[in-house]
Amino acid sequence: MSSKTLMYILKRIAMAILTIWIVITVTFFVMHAVPGGPFLSEKAVSEAAQKALEAKYGMDKPLMVQYVTYLKDIVTKFDFGPSIKLRGRMVIDVITDGLRTSAKLGVIAAAIALVFGVVLGAVAALRRNGIADKIIMVLTTAFISMPSFVIGSLMVLILSVKLGWFPANGETAKGLVLPIIALSLSPMANITRLTRSSMLDVLGQDYIRTARAKGVPQMKIIFGHALKNSLIPVITYVGPMLAYIVTGSLVIEQVFAVPGIGRAFVSSITGRDYPLIMGTTIVLATLIVIMNLVSDILYKLVDPRINLE
């Protein structure tokens, strides 16, 4: 690894840490600025009991003291504190349990989206303006245009309620099939269109025409030159996409009742569970930042001509 590449990576890591700190700071103060509190929904809570609960969770201290204490606990102990609504459970345990399901769901959906997206994009480019190209473009446009909750609801209605092929919830292995498909359709459509447009551009380059003139086999041109050089825009998209899918679509997890981190995030907001809101926000932001960093580094591996600055 060259010194320039190492400096770039170190600079990006520093920027990632700064970004996560900004996310923590903004979320913390905006969350506390919203009127209300986590204990207002409790039934028949007296003022004395509310003060006791605030003291228990350290919410009776000045806001800046709470903020500094929270940052110290994260940095030194990676401790997000206890959940307010899920009594007896630590936030890190809730997030870990949710990530197990969301990661399994997301990795499979991302792999399906990437494989089928690249294959369909390549087929559409090689059959430009043909029947296969037109069918693929119509389907991808539909998948991009339709919101995920519409696709998910249609799947539940047709494949679960009407036909009974799959469970309507994602609490079993078979029940994860529909959420995986619903999560993969939109990213797959985007990757298909990116691959098609990039491959059409590459196929029109001079070095491709030169290779054909020299009698290089068509398969070698496609897989050895065109497809490889068409993957750079796809890598740009795959990094953030993988973070989004792995953390789980909030809507999809709600539609299919998947016990993932997305559902934990939604329930934390509706229940004003401050520690769980902060914990899930930090984890989601960290994953997105890491995936963006990884996708930038992969540029260099795919195309050594790219300068990292």
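Let me start at Val258, which sits in the loop that runs between helix H11 (250-255) and helix H12 (261-270). This is a predicted model, so please take each value I give as computed from predicted coordinates. Is Val258 buried or exposed? Although Val258 belongs to a loop, the residue is buried, since its relative accessible area is 0% and the cut-off for burial is under 20%. Val258 also comes together with a distant part of the chain: Leu176 is 82 residues away in sequence, yet the two C-alpha atoms are 7.8 Å apart in space.

That pairing leads me to the overall picture. The protein has 13 helices and zero strands, and the order along the sequence is accordingly one α after another, α-α-α-α-α-α-α-α-α-α-α-α-α. When we take the contacts between residues at least 6 apart in sequence, 72% of them join residues at least 24 apart. Of the 309 residues, 41% count as buried, while the surface that the protein exposes comes to about 16,500 Å², with carbon and sulfur atoms supplying 69% of that area.

Now to the interior. The largest nonpolar core has 30 residues, and the members that touch the most other members are Met155, Ile191, Met199 and Phe256. Which helices supply at least two residues each to this core? They are helix H4 (91-126), helix H6 (148-162), helix H7 (177-203), helix H9 (218-229) and helix H10 (231-246), and of these H7 gives the most, with nine residues. If we leave aside residues up to four places away in sequence, Met155 touches Ser160, Leu178, Ile181, Ala182, Leu185 and Phe256. Apart from this core lies another one, of 24 residues, which includes Leu71, Val94, Phe265 and Ile277.

Staying with helix H7 for a moment, I would point you to Thr192, which has its place in that helix. Thr192 counts as buried because its relative accessible area is 0%. Its contacts, again not counting residues up to four places away in sequence, are with Phe116, Gly117, Leu120, Gly121, Ile136, Met137 and Thr140.

Asn129, by contrast, lies in the loop between H4 and helix H5 (131-145), and it is exposed, because its relative accessible area of 56% lies over the 50% cut-off. The backbone there deserves a look as well, since most residues other than glycine have a negative phi. For Asn129, phi is near 65°, a positive value in a residue other than glycine.

Last, the second largest pocket. Rolling a probe the size of a water molecule over the atoms shows where empty space is left, and in this pocket that space comes to about 260 Å³. Which elements give two or more residues to its lining? They are helix H1 (3-33), helix H3 (63-77) and helix H13 (274-302), and H1 gives the most, with four residues. The full lining is made up of Ile17, Ile20, Trp21, Ile24, Leu71, Ile74, Val75, Phe78, Phe80, Ile282, Val283 and Thr286. By class, that makes eleven nonpolar residues, one polar residue and no charged residues. Leu71, which we met as a member of the 24-residue core, thus returns here among the residues that line the second largest pocket.

Notes
Residues are numbered from 1 along each chain as its sequence is written. This is a predicted model: local features need pLDDT of at least 70, side-chain atom pairs count only at pLDDT 80 or more; totals for chains, interfaces and linings use all residues. Side-chain values use heavy atoms; hydrogens and water are left out. Buried means under 20% relative accessible area, exposed over 50%, partly exposed in between (1.4 Å probe, protein chains only). Contact means heavy atoms within 4.5 Å. Accessible areas come from the Shrake-Rupley method with a 1.4 Å probe; for residues, only the protein chains shown count as cover. On a 1 Å grid over the protein atoms alone, a cavity is a set of points where a 1.4 Å probe fits but cannot get out, and a pocket is an open set with protein on both sides within 12 Å along at least five of seven lines; lining residues have an atom within 4 Å of a point. Grid points are joined across faces, edges and corners, and a volume is the space filled by probe spheres set on the points. Ala, Val, Leu, Ile, Met, Phe, Trp, Tyr, Cys and Pro count as nonpolar, Asp, Glu, Lys and Arg as charged, and the others, Gly among them, as polar. A nonpolar core is a set of buried Ala, Val, Leu, Ile, Met, Phe, Trp, Tyr and Cys residues joined through side-chain atoms within 4.5 Å.
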